[in-house]
Amino acid sequence: MNNSFASVYKDKRVIVTGHTGFKGSWLTLWLQRLGAKVTGISDRIPTTPSNFEASGLIDSVNDVRADLLDLEKIQQTFRECRPHFVFHLAAQALVKESYDNPIRTFQTNALGSVHLMEALKGLEDPAVAVMITSDKVYDNVEWVWGYRETDALGGKDPYSASKSMAEIAIKSYLKSLLHEKGTLKVGIGRAGNVIGGGDWAEARIVPDCVRAWSRGDSVSIRSPRATRPWQHVLEPLSGYLLLGKALAEEPNLHSEAFNFGPVAGQSKSVGDLILEMEKHWSNVRWEDLSAQGSPFLEAGLLKLNCDKALYHLDWLPTLQFEETVAMTVQWYREFYEGGDMKSYSVNQIDQYVHLARERGNGWAK
């Protein structure tokens, strides 16, 4: 696979936390495609089905079962792996779940990130870490322009607050406990509203739709007018990989945060997303439950300004909204038709890189 990532990650030892999850499994596939030797840390396979199982990763990754709250196990894994790169994606990632289990959400997302920093602190060899939080770290006042990395952190719901807390803890480690550890380079990636094949989480719009439609059922939509900057999972992952590369090569980016979001104009409503999905799936049915109100607080509008990633990393998103939805729905169709999902997923990665190269994205050349 010929792009600028290959020379960086080939034969490198890489830890991915949350490798059994939606984004983590895609990142693991991509890293393996680049020739990396991946160790995954996760407490469980979070859903059935899962992209981790569908893509056959259990047979090709060093699969470590550990809870982020088990500091001793996390530190032991880091000592044994001696990673060149770490991508921290493990999290309690659902807003609804954060209302049902707020204490666990704060523990996993905030204290879990502290444990990762402790494990990084114990490394003796040079390493790069990309800590993934969320676009929801911002104090969302629902203005119409995108949030910049210098805007205030906040979080009205437990999930958002837990991610903001994680970032504060990470920065605290970098400014105090790790400020003299010159062999460690750490960056923060912020992204959200990611869709793509292989997501089966509860209370997410795309998984809810494909689960219902695959059974011939109607899906209930609680907030069809809520607007989100939808992006395919491979978009922020290209940003995370590029950030890891940049941190390894440009020490001045250490401790910086970067937004990774879609091209301007891709903020579409949930209803728009469903209408676009209908073009690729027959016998679609859904009902609008917005009159009943949402059972928990959700942002109506949230988007990111990604100028910093363009300026410092030369990163741009690749896909248009229609392409994002087409790639997503086609993956699920292939899955429900019994396809070879590892080959199909790797092909989607290759297609994405090819498109990025055609459209002039520097990392794909």
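Along strand S6 the side chains alternate in direction: Leu184, Val186, Ile188 and Arg190 point one way, while Lys185, Gly187 and Gly189 point the other way, and all of these residues are buried. In this predicted model, S6 spans residues 184–190 and is mostly covered, with 7 of its 7 residues buried.

The strand has a parallel partner in S5, residues 127–132, to which it is joined by 6 bridges, and within that pairing isoleucine 132 has glycine 189 of S6 as its bridge partner. Between these two strands the chain passes through helix H7, residues 158–177, and the resulting β-α-β crossover is right-handed. S6 also pairs with strand S11, residues 257–259, again in the parallel sense, and here the bridge partner of glycine 189 is phenylalanine 258. The two pairings of S6 are set out below.

| Partner of S6 | Residues | Bridges | Sense |
|---|---|---|---|
| S5 | 127–132 | 6 bridges | parallel |
| S11 | 257–259 | 3 bridges | parallel |

Strand S5 and helix H7 also take part in enclosing a cavity, since a search of the whole structure finds 1 cavity of 30 Å³ or more, and S5, H7 and helix H6 (102–121) each supply at least two residues of the lining of the largest cavity. The volume of the largest cavity is about 60 Å³, and of the 13 residues that line it, His88, Asn109, Ser113, Ile132 and Lys163 are the closest to its centre. By residue class, the lining of the largest cavity divides into 7 nonpolar, 5 polar and 1 charged. Ile132 thus appears in both parts of this description, as a bridge partner of glycine 189 and as one of the residues closest to the centre of the largest cavity.

Conventions:
Residues numbered from 1 in each chain as written. Predicted model: local features only at pLDDT ≥ 70, side-chain atom pairs only at ≥ 80, totals over all residues. Heavy atoms only, no water. Buried < 20%, exposed > 50% of the residue type's maximum accessible area, 1.4 Å probe, protein only. Helix = DSSP H or I, 4+ residues; strand = E, 2+ residues; numbered from the N terminus. Pairing = 2+ DSSP bridges. Right-handed = clockwise from strand over helix to strand, strands pointing away. 1 Å grid on protein atoms, 1.4 Å probe; cavity = no way out; pocket = protein on both sides within 12 Å on 5 of 7 lines; lining within 4 Å. Points joined across faces, edges and corners; volume = space filled by probe spheres on them. Nonpolar A, V, L, I, M, F, W, Y, C, P; charged D, E, K, R; others polar.
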